[in-house]
Amino acid sequence: MIQHHLSDEILIAYSAGTLPEAFSLVVAAHISLCDECRARFAAFEAVGGALLQSAPQAALSSESLARTLARIREGKPVERPKPKAHGIFPAPLAAYVGGGPEAVRWQNAGGGIRQAILPTKGPGRARLLYIPAGHAVPDHGHRGLELTLVLQGAFRDETDCFARGDVEIADPKLHHKPIAELGDDCICLAATDAPLRFRGLIPRLLQPILRI
Ligand code: ZN
Ligand code: ZN
């Protein structure tokens, strides 16, 4: 049962195509796990489509119209393989990784934590985080937006507990220390658009290496 969802603001930006790729990946992964956000997203898409339809139409030269129609007539439908979920990885994420958790090339991030930065374009960064049960992420603040989607296990911080499917939205107002709950090791997909603000010296020294 998912308790923590995406905000309207984020879903609207996603449907308008204005979110950087790193955040879009987290949103797509959450939507694929969450019926509630998928329904809200569909509603925003419908509103966006209606707005486009009522927008003043641009004049199209008769030539370009003929070309477009010819292209449609000649074109064969493109058969794209449908992305599939791999284990705990929802389809949008599995497509980035090329498989499930076994396909991830983890990098040691210190304190038992591992990370893998995903290849996204544009501003922001998306990464997978592996936090062994009972381990903590060094406490930190945020200079921008951080979206964290739980894929396995759970973590707890100053605000609440987050389990599979939950997404935590952190902004500059939040300073937190996420700790993985006992039980399964915690695997998360996280996106940020600005370096985190660590208090401890060691995390600060590691920051440029870990690109966090
Ligand atoms: Zn949701
Ligand atoms: Zn954070």
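**A walk through two sheets, a helix pair and two zinc sites**

Strand S6, residues 154-156, pairs with S10 in the antiparallel sense over two bridges. Within this pairing, Phe 155 stands opposite Ala 180 in S10. What you have in front of you is a predicted model, and this strand pair is a handy place to start. S6 and S10 belong to an open sheet of three strands, ordered S7-S6-S10, in which the pairing is antiparallel. Its edge strands are S7 (161-163) and S10 (179-180), each of which pairs on one side only. As general background, strands of a sheet pair through backbone hydrogen bonds, in either a parallel or an antiparallel way.

Let's move on to the other sheet. Six strands make up this open sheet, in the order S1-S2-S3-S11-S5-S8, and here too the pairing is antiparallel. S1 and S8 (167-170) are the edge strands, each pairing on one side only.

Starting from the S1 edge, strand S1 (residues 107-108) meets strand S2 (residues 114-118) in an antiparallel pairing over two bridges. Asn 108 has Arg 114 in S2 as its bridge partner. The hairpin of S1 and S2 has five residues between the strands, and Gly 110 there takes a positive phi near 90 degrees. S2 also pairs with strand S3 (residues 125-131), again in the antiparallel sense, over five bridges. In this pairing, Ile 117 has Arg 127 in S3 as its bridge partner. The hairpin of S2 and S3 has six residues between the strands, and Gly 122 in this hairpin takes a positive phi near 85 degrees. At the S8 edge, four bridges join S8 to strand S5 (residues 146-152), and the two run antiparallel. Leu 147 stands opposite Ile 169 in S8.

S5 begins at residue 146, and that residue leads us to a metal. The zinc ion (ligand 2) is coordinated by His 140 (NE2), His 142 (NE2), His 176 (NE2) and two OE atoms of Glu 146, at 2.0 to 2.7 Å. Along the chain, these donors follow the spacing H-x1-H-x3-E-x29-H. Are the donor residues His 140 and Glu 146 buried or exposed? His 140 counts as buried because its relative accessibility is 2%, and Glu 146 is likewise buried, with a relative accessible area of 8%.

The zinc ion (ligand 1) has another set of donors: His 5 (ND1), His 30 (NE2), Cys 34 (SG) and Cys 37 (SG), at 2.1 to 2.3 Å. In sequence, the donor residues are spaced H-x24-H-x3-C-x2-C. What is the geometry of the site of this zinc ion (ligand 1)? The angles among the four donor atoms are 94 to 128 degrees, and the site is tetrahedral. Two of the donor residues can also be placed by their accessibility: His 30 is buried, with a relative accessible area of 0%, and Cys 34 is buried at 2%.

Cys 37 is a donor to this zinc ion, and its number falls in helix H3 (residues 35-54). That takes us to the last stop, a helix pair. The axes of H3 and helix H1 (residues 8-16) come within 9 Å and cross at roughly 55 degrees. H1 and H3 are therefore oblique to each other, since 55 degrees lies between the 35 degrees under which angles count as roughly parallel and the 65 degrees at which roughly perpendicular begins. The crossing of H1 and H3 is right-handed.

Key: Residues numbered from 1 in each chain as written. Chains lettered and ligands numbered in written order. Predicted model: local features only at pLDDT ≥ 70, side-chain atom pairs only at ≥ 80, totals over all residues. Heavy atoms only, no water. Donors = N, O, S within 2.8 Å, 3.2 Å for Na, K, Ca; no water. Tetrahedral: all angles 85-135°; square planar, octahedral: opposite > 155°, others 65-115°. Buried < 20%, exposed > 50% of the residue type's maximum accessible area, 1.4 Å probe, protein only. Pairing = 2+ DSSP bridges. Axes fitted to C-alpha atoms, helices over the stretch in contact; angles between N-to-C directions. Parallel < 35°, antiparallel > 145°, perpendicular 65-115°, else oblique. Left-handed = near helix turned anticlockwise from the far one by under 90°.
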